[in-house]
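Here are my notes on the model you sent over. Have a look at the structure first, then read on.

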Amino acid sequence: MSALATPQIATSTWHIDPVHSVAEFKVKHMMISNVKGQFTSLKGALTLDEADLTNSRVQATIDAASISTRDPQRDAHLKSADFFDVEKVPTLSFQSKRITRTGDDEFAVEGELTIRGVSRDVVFAVEGPTPPAKDPWGNTRIGLSASTKINRKDFGLTWNAALETGGILLGDEVTITLDAQFVRA
């Protein structure tokens, strides 16, 4: 009697370490320079298929009220109904749909990004994950970096102001970057 061996799929679950991770954005201000900001409260999970990383999945949630641009007045405006409307829509989220290898340790992660309750498909260019490493407390960690560009108006972020000299206060293109450490669950 012979038994057929069923292949074991090696998957593991990893959680974002919010203390060692950052979600940032930058947007053109007054058509002359970029202004950057970050969200300081994020969480999420990566289900890693160690045999084929393209079968992995990732999801993340960001607390919109955790926005920081180093200017309390601007932060209050960004939290208002003019922008993120944090009272009505307290989170931003991402859920992957497809992962494609684009190079050595480089991937295109396509998924649904939701900002201000509006969902659109976007593609993040991802570097990593890094090889696993043990921290001094015995936890296993990996890291990755991801970036994409969006048009803020596609997500209902339409507020702007005309400048006296011509032009507008805010650009439409927003670059989003994520540098994340994940801890094995």
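The points below go from the overall fold to the aromatic pairs, the core and the pocket.

1. Overall layout. Keep in mind that this is a predicted model. The protein has twelve strands and one helix, and along the sequence they run β-β-β-β-β-β-α-β-β-β-β-β-β. The C-alpha trace spans about 85 × 35 × 30 Å along its principal axes. Of the 185 residues, 37% count as buried. Take the contacts between residues at least 6 apart in sequence: 56% of them join residues at least 24 apart.

2. Aromatic pairs. Searching the whole structure turns up three of them. In one, the ring centres of Phe39 and Phe84 are 5.7 Å apart with the planes at 85 degrees, so this pair is edge-to-face, the cut-off being over 60 degrees. Phe39 sits in strand S3 (residues 33-39), while Phe84 is in the loop between helix H1 (72-79) and strand S7 (91-103), so the pair links distant parts of the chain, 45 residues apart. Both Phe39 and Phe84 are buried. Add Phe25 to these two and you have one aromatic cluster.

3. A second pair to look at. Phe94 and Phe124 have ring centres 5.1 Å apart and planes at 80 degrees, which makes the pair edge-to-face. Phe94 belongs to strand S7 and Phe124 to strand S9 (residues 118-127), so parts 30 residues apart in sequence are tied together. Is Phe94 buried or exposed? Its relative accessibility is 10%, so Phe94 counts as buried, the limit being under 20%. Phe124, also at 10%, counts as buried too.

4. The nonpolar core. In soluble globular proteins, nonpolar side chains tend to be buried together. Here the largest nonpolar core has 41 residues, and those touching the most other members are Phe39, Phe84, Leu113, Ile115, Ile150 and Phe182. Strand S12 (residues 170-184) supplies the largest share of this core, six residues.

5. Around Phe84. Which residues is Phe84 in contact with, leaving aside neighbours within four places in sequence? The list includes its ring partner Phe39, along with Ala64, Ile67, Leu78, Val89, Leu92, Ile115 and Leu157. Lys79 and Arg116 are also among the contacts of Phe84.

6. The largest pocket. The volume of this pocket is about 920 Å³. Its lining has 49 residues, with Glu24, Phe25, Phe39, Leu92 and Ile176 nearest the centre. By type, the lining divides into 37 nonpolar, eight polar and four charged residues. Phe39 therefore deserves a second look on your screen: it is in the aromatic cluster, in the core and in the pocket lining.

Methods:
Residues are numbered from 1 along each chain as its sequence is written. This is a predicted model: local features need pLDDT of at least 70, side-chain atom pairs count only at pLDDT 80 or more; totals for chains, interfaces and linings use all residues. Side-chain values use heavy atoms; hydrogens and water are left out. Rings of Phe, Tyr and Trp (its six-membered ring) pair if their centres lie within 6.5 Å; planes under 30 degrees apart count as stacked, over 60 as edge-to-face and the rest as tilted. Helices (H or I, at least four residues) and strands (E, at least two) are DSSP runs, numbered from the N terminus. Buried means under 20% relative accessible area, exposed over 50%, partly exposed in between (1.4 Å probe, protein chains only). On a 1 Å grid over the protein atoms alone, a cavity is a set of points where a 1.4 Å probe fits but cannot get out, and a pocket is an open set with protein on both sides within 12 Å along at least five of seven lines; lining residues have an atom within 4 Å of a point. Grid points are joined across faces, edges and corners, and a volume is the space filled by probe spheres set on the points. Ala, Val, Leu, Ile, Met, Phe, Trp, Tyr, Cys and Pro count as nonpolar, Asp, Glu, Lys and Arg as charged, and the others, Gly among them, as polar. A nonpolar core is a set of buried Ala, Val, Leu, Ile, Met, Phe, Trp, Tyr and Cys residues joined through side-chain atoms within 4.5 Å. Contact means heavy atoms within 4.5 Å.
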